[in-house]
Amino acid sequence: LNEQYRDSSSRQIDGVKIDFGQGEWALILPDADRPIFHVIAEAGTEAEARQLVDKYAGLVQGLQ
């Protein structure tokens, strides 16, 4: 994910946070204790946030 989004507005703190602007973002965060990732998103509506979560959860699953 770091390589794929290196040119976009992303930050790496504990995971990868991709900022789409205007208050929309997605955070892909590895769990410290279990072999899973948490995908968190914020957008203008709940449906848009869910779409971001679904998109990036699918992306993470595709990398396995």
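Reader: Which residues does Asp 31 touch, once residues up to four places away in sequence are not counted?

Author: Asp 31 touches Ile 36 and His 38 under that condition, and what makes each of these a contact is that heavy atoms lie within 4.5 Å. I should add early on that this is a predicted model, and that the place of Asp 31 in it is in the loop between S3 and S4.

Reader: Why is Asp 31 called buried?

Author: The relative accessibility of Asp 31 is 18%, and buried means under 20%, so Asp 31 counts as buried.

Reader: What makes the link between Asp 31 and Asp 33 a polar contact?

Author: A polar atom of the Asp 31 side chain lies 2.7 Å from the backbone nitrogen of Asp 33, and because the limit for such a pair of N or O atoms is 3.5 Å, this distance falls within it.

Reader: How do you know that S3 and S4 are paired strands?

Author: Two strands pair if at least two bridges are found between them, and S3 and strand S4, residues 37-42, have six bridges in the antiparallel sense, so the condition is met. Within this pairing Leu 29 stands opposite His 38 in S4, and a hairpin of six residues joins S3 to S4.

Reader: What makes S2 and S3 a pair as well?

Author: The reasoning rests on bridges again, since strand S2, residues 16-21, is joined to strand S3, residues 24-30, by five bridges, where at least two are needed. These strands run antiparallel, and Gly 21 stands opposite Glu 24 in S3. Two residues lie between the strands in this hairpin, where Gln 22 takes a positive phi near 55 degrees.

Reader: How many aromatic pairs does a search of the whole structure find?

Author: The search finds one aromatic pair. The partners are Phe 20 and Tyr 56, with 6.2 Å from centre to centre and 35 degrees between the planes. The pair links distant parts of the chain, because Phe 20 belongs to strand S2 and Tyr 56 to helix H1, residues 46-62, with their positions 36 residues apart.

Reader: Why is this pair of Phe 20 and Tyr 56 called tilted?

Author: A pair of aromatic rings is described by the distance of the centres and the angle of the planes. The centres at 6.2 Å lie within the limit of 6.5 Å, so the rings pair. The angle of 35 degrees is neither under 30, which would count as stacked, nor over 60, which would count as edge-to-face, and therefore the pair is tilted.

Reader: Are Phe 20 and Tyr 56 buried, exposed or partly exposed, and how do you know?

Author: Phe 20 has 37% relative accessibility, which lies between the cut-offs of 20% and 50%, so Phe 20 counts as partly exposed. Tyr 56, at 1%, is under 20% and therefore counts as buried. Leaving aside neighbours within four places in sequence, Phe 20 is in contact with Trp 25, Ala 26, Leu 52 and Tyr 56.

Reader: What makes Lys 17 count as lying over the face of Trp 25?

Author: Lys 17 is placed at 4.4 Å from the ring centre of Trp 25, and the distance limit is 6 Å, so that part of the test is satisfied.

Reader: What pattern does the protein follow along the sequence?

Author: The protein has one helix and four strands, which follow the pattern β-β-β-β-α. Of its 64 residues, 27% count as buried.

How values were computed:
Residues numbered from 1 in each chain as written. Predicted model: local features only at pLDDT ≥ 70, side-chain atom pairs only at ≥ 80, totals over all residues. Heavy atoms only, no water. Buried < 20%, exposed > 50% of the residue type's maximum accessible area, 1.4 Å probe, protein only. Phe/Tyr/Trp six-rings, centres within 6.5 Å; stacked < 30°, edge-to-face > 60°. Lys NZ or Arg CZ within 6 Å of the ring centre and 35° of its normal. Polar contact = N/O pair within 3.5 Å; in protein donor to acceptor, adjacent residues only side chain to side chain.
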